[in-house]
Amino acid sequence: MKGGFFRKVGRLVRLSVSKNDFFLFDQSRLERIELFDDIVFGRDPSCDVIIDDVMVSNSHFKIKIIDYEVYVIDLESSNKTLVNDVEIIPNKEIKLNPKDVIRVGSQEYAYSSGAVRKLNLPELSSTLKVGRFDEQSESSLKIERLENEESYEDSEPALAVEVELPKQKVETGLKGLRKAKKYLDDLENVQKEIVEKIASLKKMRRRKIEVGAKMDQMKKILQESDFKTEKDFENELRIHRGTAEGFKMKIQKEEKEIAKAKAIIAEAEETIAQAQFNISTIKGQSKESIDRFDAVNSEYDIFKNKTVFENEFQTLKETIKKYESLDLESKQEEVEKEIKLKNQQYKDMQNHYGAKLNSEIQLKKASSE
């Protein structure tokens, strides 16, 4: 763990931080990142701090330092920048406070500012009870040694704060009480920071276990990989990068063809729409013409039938006149009288013939007897 650390030696508590005023602590890599004005974080190799995470934009966020205040600015990133799990507005300066956590993608950075200044503590009698500090158990302040006894001290000079229980010295009166109260407040502040550092250390240990598991998984994958060196990977990526560019050009070509086809389709659709409008207009005109034709044709039929009826009427008139000149009614009476007479004569002849025939039959019958 590069960066601030503390340790307890007997009754001496030492708290060490970087001499730089501002830094972020990378909780994944367990590294301290010293900050300067306009430092840029992102995935692009040109960034000041490169983040190898696909969820991180090329230029994701940057840090501004104004009048000893630190601000984070999201650079219109795709997946946003979060401060204490809250999305921040792009291109807006958001002030950072100590212990704020910046999260981008799967990366987390804890912000810390300034070296802790040396506390000017008054000496008090060792018989004075030190409140909550003495009530903390030794185990709560103990820092367990990490695996393999790794050293986490900075390689550069560090500022330090030492809190040491004073030798026995009694000071009475209101001034002594004020100094005692200040001493207790200072001890409680140191204790609070110590507890926070212990919690941070425990969190880092858990993270170290997670990172170790990920590393083991990566090692297993790499052992089964066909590529063993960085050059192998670069060569293979170069090949596929070229292939990908080729496919990209083909896609762009096909997209242009699609655009042309869409333009042709749009033009055809416009032509079809115009033709449909023309057809609708023509249909309307055609209906008017058909309706007019039907009306004229009906009148023409009447006209033709009128001539026929006129001719028939004239013929009938002439025929009737001719028939009327024949005095048919008188002739009808004569014919009726003649028919009546002839019917009577016919009946008389039938009776005469029947009588005669009957007489002959009687004669024959008599002669035969």
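In what order do the strands of the open sheet of 6 strands lie? The order is E4-E3-E13-E12-E9-E10, and the pairing is antiparallel. The legends below describe close-up views of a predicted model.

**View 1. The open sheet of 6 strands, with E4 and E10 at its edges.** Strand E4 covers residues 31-34 and strand E10 covers residues 86-87. Each of these two edge strands pairs on one side only. Within the sheet, E9 and strand E12 (residues 101-104) are joined by 2 bridges and run in the antiparallel sense. Val83 is placed opposite Ile102 of E12. Strand E9 itself spans 82-83.

**View 2. The open sheet of 5 strands, with mixed pairing.** The strands of this sheet follow the order E6-E5-E7-E8-E11. Its edges are strand E6 (49-50) and strand E11 (94-95), each pairing on one side only. The two senses of pairing can be seen around E5: E5 and E6 are parallel, with 2 bridges, whereas E5 and E7 are antiparallel, with 3 bridges. E7 and E8 are also antiparallel, and 6 bridges connect them.

**View 3. Strand E5 and its bridge partners.** Strand E5 consists of residues 39-42. Ile39 and Phe41 point one way from the strand, while Val40 and Gly42 point the other way. Are these four residues buried or exposed? All of them are buried, that is, under 20% relative accessible area. Phe41 stands opposite Phe61 of E7, and Phe61 has Asp74 of E8 as a bridge partner. Phe61 thus appears in both pairings, with Phe41 in one and Asp74 in the other. On the E6 side, Gly42 has Ile50 as its bridge partner.

**View 4. Asp67 in the loop between E7 and E8.** The loop connects strand E7 (61-66) with strand E8 (69-74). Asp67 has a positive phi of about 50°, although it is not a glycine. Most residues other than glycine have a negative phi. Asp67 counts as exposed because its relative accessibility is 69%, and the cut-off for exposed is over 50%.

**View 5. Lys80 in the loop between E8 and E9.** Lys80 is another residue other than glycine with a positive phi, here near 70°. Its relative accessibility is 29%, so Lys80 counts as partly exposed.

**View 6. Helix H4 and the residue Asp327 that comes after it.** Helix H4 covers residues 230-325 and has 96 residues. How far does H4 reach from its first C-alpha to its last? The span is 137 Å, close to the 142 Å expected at 1.5 Å a residue. Asp327 follows the helix and has a positive phi, near 50°.

**View 7. A nonpolar surface patch that includes Phe233.** The patch is formed by Leu222, Phe233 and Leu237, which together have about 260 Å² of accessible area. Phe233 belongs to helix H4. With a relative accessible area of 31%, Phe233 is partly exposed. That value meets the patch requirement because patches take residues with over 30% relative accessible area. In an α-helix, residues three or four places apart point the same way because there are 3.6 residues a turn.

Technical notes: Residues are numbered from 1 along each chain as its sequence is written. This is a predicted model: local features need pLDDT of at least 70, side-chain atom pairs count only at pLDDT 80 or more; totals for chains, interfaces and linings use all residues. Side-chain values use heavy atoms; hydrogens and water are left out. Patches are made of residues with over 30% relative accessible area and no salt bridge: like charges are joined within 9 Å, nonpolar side chains (Val, Leu, Ile, Met, Phe, Trp, Tyr) within 5 Å. Accessible areas come from the Shrake-Rupley method with a 1.4 Å probe; for residues, only the protein chains shown count as cover. A salt bridge is a side-chain nitrogen of Lys or Arg within 4 Å of a carboxyl oxygen of Asp or Glu. Buried means under 20% relative accessible area, exposed over 50%, partly exposed in between (1.4 Å probe, protein chains only). Two strands pair if DSSP finds at least two bridges between them. The expected span of a helix is 1.5 Å times one less than its number of residues.
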